[in-house]
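User: I should like to learn how buried residues and internal cavities are read from a model. Please begin with the terms.

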Amino acid sequence: MPTDTRDKILQAAFTVLSRQGYENASIKEIAEEAGVAQGLVHYYFKSKQQLVVAVLFSVCEKMDVYAGDGEAGALAAFENFKALLRTRGDVHTLYIQLIGVGLHDHEVGAGVRENISFERGRVEQLARQVLAEREADPTPARGIAGAVWGGVLGIMVQKMVDPEFDADAAVDALAAMALSAVYTSNSVA
C-alpha cells in the first residue's frame, strides 16, 4: 500500500479529531474524510488509539520548531514556537486534548509519554549545547529541559483558554529564564 494513503488517513484523522474531539471521532468518520474504506484505516492502524498516537507524532514531526544548534538554535526554536502559537492553534488544542485522553487511556497515554519524552529530550540536547558553548557544567540540562517543556505546555493551555493571553511575551520570558539558567556563575551579573 502506498504511504500516501497512510498520510491521507493521518491528515483526515487530524481534521476529524480537531473538529470533533477524541471522544466524538470515529474510525468510520475518519475513513469518510480520507475517502477510503473503513477497513483500510484498520489495515494501517489496529485501533483508534494507535491512529491517534500516529496523528500525534505526525503532527509534531511536521511542526518541528528546532532549526539549529546551541544558543542560536534555542532562540530560533522559541521564535518558531511563537509563530506556531499564532498560526496553528488547532494543533496545540489537539495536543493538549490528547494529553488529557492519555491520563485515562493506557495506550494513548503511552504514546503521549513517549512523545513528551522525545520532545523534552530535544530541548535537553539544546540545553547541553548551550552549556557546552558557555563551558558550563552540563548537569542541569535535564532539569532545564523539564522546566522549559512544562512552560511550553503551560503557555499552550493559557493560549487556548484565554484569547487575550500574550503568548509572545510568555515565550520571550521563558526563553530569557531558560537561557539565564545556563549561564556560568562567572557570567551572571
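Analyst: Buried means under 20% relative accessible area, exposed over 50%, and partly exposed in between, with a 1.4 Å probe and protein chains only. Helices are DSSP runs of H or I with at least four residues, numbered from the N terminus. This is a predicted model, in which local features need pLDDT of at least 70, side-chain atom pairs count only at pLDDT 80 or more, and totals for chains, interfaces and linings use all residues. Residues are numbered from 1 along each chain as its sequence is written, and side-chain values use heavy atoms, without hydrogens and water.

User: Which residues of helix 5 are buried?

Analyst: They are Gly70, Gly73, Ala74, Ala77, Phe78, Phe81, Lys82, Leu84 and Leu85. Their cover, judged by contact (heavy atoms within 4.5 Å), includes helix 6 (89-102), helix 7 (106-133), helix 8 (141-161) and helix 9 (167-180).

User: How is a cavity recognised, and how many cavities of 30 Å³ or more are there?

Analyst: On a 1 Å grid over the protein atoms alone, a cavity is a set of points where a 1.4 Å probe fits but cannot get out; lining residues have an atom within 4 Å of a point. Grid points are joined across faces, edges and corners, and a volume is the space filled by probe spheres set on the points. The count is 2. The largest cavity has a volume of about 470 Å³. Of its 28 lining residues, the closest to its centre are Val65, Tyr66, Val123, Trp149 and Val152. Helix 7 gives the largest share of this lining, 6 residues.

User: What lines the second largest cavity?

Analyst: Its lining residues include Phe14, Val55 and Tyr95, and helix 4 and helix 6 each supply at least two.

Conventions: 1 Å grid on protein atoms, 1.4 Å probe; cavity = no way out; pocket = protein on both sides within 12 Å on 5 of 7 lines; lining within 4 Å.
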